[in-house]
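Work through the exercises below with the sequence and the model at hand, and try each task before you read its solution.

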Amino acid sequence: SESVNSTHMFPAGMSLLALLVQPLLRPLPLLAPSLPHLLHLSLVGIDPNNQRKTLETLLFYKSLLHWLPITEHASTKPDPKLEDATAESKFRLYDSEFPLGEEERLYECMPLVGEALMGWAPEFLNKLFLMLQSQEAPAKSNNSMDQQLMAHQTALLRDLSHLFFRRMEQSTYNKCTAWLVEFVATNIAVN
């Protein structure tokens, strides 16, 4: 039936996008013009009622953040003479060498991509907060598949959160950490 097929289309699409991020960004940044719309549409993939949809969406975001920083200021190539290697790599496009000319083409698209990522970052964090608020404590399950899926989602969320905060510019980082602190203070009981 059509409803059964449409239920599986979104996770399959996110899975495919996660695999294609790198080839769609180089040698030509074909994904860049569609990225603002894609980021906005993909937020519905963070769904506490659909673990597979959420996993595939988070994998797409992880793949994307491996290749792109969350910054409006990556329109020029970083100076390799910077003493602070952490600051330099924070806003670099992926930590591998690009063939001659490819990195420059991607940097040309960064104002558009950077603006999209800067707008997506707080929306993504908000969706994560909503998902965490609506989740119930995991029930004891003897189903090893459920346990493996939950363990995978937890590990992915941890890795993605680390990458998310590591790849953003300072002003966005400050806003997002402030929201995170507020969320923890209002939603997590401390004994």
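**Overview**

The secondary structure of this protein consists of 7 helices and 0 strands, where helices (DSSP runs of H or I, at least four residues) and strands (runs of E, at least two) are numbered from the N terminus. The model is a predicted one, in which local features need pLDDT of at least 70 and side-chain atom pairs count only at pLDDT 80 or more, while totals for chains, interfaces and linings use all residues. Residues are numbered from 1 along each chain as its sequence is written, and side-chain values use heavy atoms, with hydrogens and water left out.

**Exercise 1: Burial and the core**

Task: Work out what share of the 191 residues is buried, and find which helix gives the most residues to the largest nonpolar core.

Solution. Begin with the definition: a residue is buried under 20% relative accessible area, exposed over 50%, and partly exposed in between, with a 1.4 Å probe and protein chains only. By this rule, buried residues make up 38% of the 191 residues.

Next, a nonpolar core is a set of buried Ala, Val, Leu, Ile, Met, Phe, Trp, Tyr and Cys residues joined through side-chain atoms within 4.5 Å. The largest such core has 42 residues, and those that touch the most other members are Tyr 61, Trp 120, Phe 124 and Phe 164. At least two residues of this core come from each of H1, helix H2 (35–42), helix H3 (51–67), H5, H6 and H7. Helix H5 gives the most, with 12 residues.

**Exercise 2: Aromatic pairs**

Task: Decide whether the pair of Trp 120 and Phe 164 is stacked or edge-to-face, and then do likewise for Phe 129 and Phe 183.

Solution. First recall the rule: rings of Phe, Tyr and Trp (its six-membered ring) pair if their centres lie within 6.5 Å, and planes under 30 degrees apart count as stacked, over 60 as edge-to-face and the rest as tilted. The structure holds 9 aromatic pairs. In the pair of Trp 120 and Phe 164 the ring centres are 5.9 Å apart and the planes stand at 80°, so this pair is edge-to-face. Because Trp 120 lies in helix H5 (residues 102–134) and Phe 164 in helix H6 (residues 144–166), the pair ties together parts that are 44 residues apart in sequence. Trp 120 has 2% relative accessibility and therefore counts as buried, and Phe 164, at 1%, counts as buried too.

Now take the second pair: Phe 129 and Phe 183 are stacked, with 4.3 Å from centre to centre and 5° between the planes. Phe 129 lies in helix H5 and Phe 183 in helix H7 (residues 170–187), so this pair ties together parts that are 54 residues apart in sequence. Both Phe 129 and Phe 183 are buried.

Finally, ring pairs also link residues into a cluster, whose members are Phe 60, Tyr 61, Trp 120, Phe 124, Phe 164, Phe 165 and Tyr 173.

**Exercise 3: Salt bridges**

Task: Find how many salt bridges the structure holds, and find which residues are joined into one network by bridges that share partners.

Solution. A salt bridge is a side-chain nitrogen of Lys or Arg within 4 Å of a carboxyl oxygen of Asp or Glu, and the structure holds 3 of them. One of these joins the side chains of Lys 53 and Asp 47, at 3.4 Å from N to O. Lys 53 has 17% relative accessibility, so it counts as buried, and Asp 47 is buried as well, with a relative accessible area of 17%.

Lys 62 forms a salt bridge with Asp 159, and the closest N and O atoms are 3.6 Å apart. This pair links distant parts of the chain, with Lys 62 in helix H3 and Asp 159 in helix H6, 97 residues apart. Lys 62 is partly exposed at 22% relative accessibility, and Asp 159 is partly exposed at 32%. Asp 159 also forms a salt bridge with Arg 158, where the closest N and O atoms are 3.6 Å apart, and Arg 158 counts as exposed at 55% relative accessibility. Through shared partners, Lys 62, Arg 158 and Asp 159 are thus joined into one network.
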